[in-house]
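These are my notebook entries on a structure that I went through element by element. I wrote down what I looked up, in the order in which I looked.

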Amino acid sequence: MTAKTPCQPDELRSLFLFEALTDEQLAVLCANGHIENYEPGPICVEGEPATCFYVLIDGELMMSKLSGGQDIETNRTSQRGVYCGAWRAFTGGKQKSYDASVHVTKPSRFFVMDAPVFAQFMRDQFPMAVHLLDGIAVGTDRTRRIIDNREKLLALGRLSAGLTHQLNNPAAATVRAASELRQRVAGMRQKLAMLADGTVSPEALRALVRLQEEVAAQVAKSASTNLTAIETADLEDAVGEWLEDHDIEGGWDIAPTFVEGGIDTDWLERIAAATEELGASTSLEKAIRWLTYTVEGELLLNQILEASKRISALVADAKQYSQMDRAPFQVADIHDLLRSTLVMFADRLGRDAAVQVAKDFDKSIPEIPCYPGDLNQVWTNIIDNAIAAMGDAGGTLTIRTCREGESMVRVEICDTGPGVPEDVREHIFEPFFTTKPFGQGTGLGLDLAFNIVVKKHRGDLRVESVPGDTRFIVLLPLEPPPPDASSLDPE
């Protein structure tokens, strides 16, 4: 860049941008601006503070936008009078940073004005036009904020309803199991009456208690045993027949409880042998009844424990999803974020739902620097759209992660719905664009996702779609975004 030189009104008038201005207006421009010569190289960089307004007089410029961590050329021109830089400095949003990068490809001359001076010129010379543009900028900004907040609240409401449903099931299971356990404990208190009438000797009681502890340990161990339906049915038949052969009243009713607790015929033989050693003071019938209460009680305790764990896990997932008590920017495991978001949709996904989930995660991906709460909003918006696209017909939601080169992480959210037509794909990330019926969509979900991924994380978000295979592809850098990328305020 060479030294600044004064500009001439006649030269400015030769540019289409200024050709309709008066002599007085051109004089004001020349008094407050200047001419600068630039050699090939950058004159403004996307994301940096927007300090100057530039108008090309001679030469050639190339404009580019960041996408997927790379500069993608969007325009190249030699047309005199094209402008760039802080060209929106006078609007209601007050341009804070350059929204594109501009490079000079050969020696070029520009008319240059400081952004605040350019803004003041526009307000002084074209007050009505500026008021109209301010109104558009402020109104659009306000509308976006209101509807964007509503979009978040609607998404939160849908997820809260699903989470409430998920919490209700284990909570109800806990209440039911606790009620049944109370009955079993009452039954065991009645069995203790045997001590009062002397029907069980102290030695026999000690032996029964030891046997009870062994059975309780077996029930705890059985919680991790997964039997098929056929294996379970075969074991119940074998235990039921054993109990019937040994004249245990209601043996077929007891059999399913014993099998669930891991008590098979080998265990029953041990119980029978221990009872024989106790002599006439304790019958096999009494021992079986005693141990039945033990097995039932332990199984109910297992149910309460599992339900409580499920509630704790759901609360932990909700906390992970909402990023409560966490810094806005941190290093996070992308898979933890995806899992916590899927949990929020559990009532609409999985075994009993029309939409099934498939996960293909690359576990070698390291933690990434990001805004976790914002990324969860991205996953939420895309997954919600994918489920809606598949509709009642159902399908498969696939979440896939992998590396993209050396510097990016790739996340694909895929659905088997009807696909996104090409004419819709061209506008899908535009604010207020929606294909949903009137009143059912704001058109800001994907716009918000785009802003978070592209502007806030310096990544990329795009869609590829054919019928039966729609993929939203998110690329996120492994390196932290620059500090000034943290603002999502519309310009």
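**Entry 1: pairing around strand 6**

I began with strand 1 (residues 34–38) and strand 6 (residues 101–114), which pair in the antiparallel sense over five bridges. For the terms, I take helices (H or I, at least four residues) and strands (E, at least two) as DSSP runs numbered from the N terminus, and I call two strands paired if DSSP finds at least two bridges between them. I looked up one position of this pairing and found V112 of strand 6 as the bridge partner of H34. Strand 6 is also joined to strand 2 (residues 41–44), in this case by three bridges and again with an antiparallel run, and there G41 stands opposite V104.

**Entry 2: what kind of model this is**

I note that this is a predicted model, in which local features need pLDDT of at least 70 and side-chain atom pairs count only at pLDDT 80 or more, while totals for chains, interfaces and linings use all residues. Residues are numbered from 1 along each chain as its sequence is written, and side-chain values use heavy atoms, with hydrogens and water left out.

I then looked up the confidence, given as pLDDT (the predictor's confidence in each residue, from 0 to 100). The protein averages a pLDDT of 80, and 78% of the residues score at least 70. Confidence is lowest in helix 5 (residues 193–196), with a mean of 57, and highest in strand 11, at 95. I marked residues 437–442, where the pLDDT is below 50 and the stretch has six contacts in the model beyond near neighbours in sequence; contact means heavy atoms within 4.5 Å. I also marked residues 484–491, where the pLDDT is again below 50 and where the model has 21 contacts beyond near neighbours in sequence. Where pLDDT is low, the predicted coordinates should not be read in detail.

**Entry 3: the five-stranded sheet**

Which order do the strands of the open sheet follow? I read it as 8-10-11-13-12, five strands with mixed pairing. Strand 8 (355–360) and strand 12 (460–466) stand at the edges with a single partner strand each, so one side of each is left without a neighbour in the sheet. Neighbouring strands are turned by 15° against each other on average, direction ignored.

At one edge, six bridges join strand 8 to strand 10 (residues 395–404), and the two run parallel; Q356 has T396 of strand 10 as its bridge partner. Two helices pack on the sheet. Helix 11 (residues 334–344) touches strand 8, strand 10, strand 11 (408–415) and strand 13 (469–477), and its direction makes about 165° with that of strand 10. Helix 12 touches strand 8, strand 10, strand 11, strand 12 and strand 13, and its direction makes about 25° with that of strand 11. For such angles, axes are lines fitted to C-alpha atoms, for helices over the stretch in contact, and the values run from 0 to 180 degrees between N-to-C directions.

At the other edge, strand 12 and strand 13 run antiparallel and are joined by seven bridges, with R462 opposite I473 of strand 13. The two strands form a hairpin with two residues between them, and G468 in the turn has a positive phi of about 90°.

**Entry 4: helix pairs**

I looked up helix 12 (residues 372–390) once more, now against helix 14 (residues 445–456): the two pack at an angle of about 140°, with their axes 9 Å apart. They are therefore oblique to each other, given that angles under 35 degrees count as roughly parallel, over 145 as roughly antiparallel, 65 to 115 as roughly perpendicular and the rest as oblique. The contact is made by residues including L375, V378 and I382 of helix 12 and L448, I452 and V453 of helix 14.

Helix 2 (residues 23–32) and helix 3 (residues 115–125) have axes that come within 11 Å and cross at roughly 165°, and the two helices are therefore roughly antiparallel to each other. Their contact is made by Q25, V28, L29 and N32 of helix 2 and V117, F121 and Q125 of helix 3.

Helix 7 (residues 229–245) and helix 8 (residues 251–260) pack at an angle of about 135°, with their axes 8 Å apart, and that makes helix 7 oblique to helix 8. Among the residues making this contact I noted L235 and V239 of helix 7, and W252 and F258 of helix 8.
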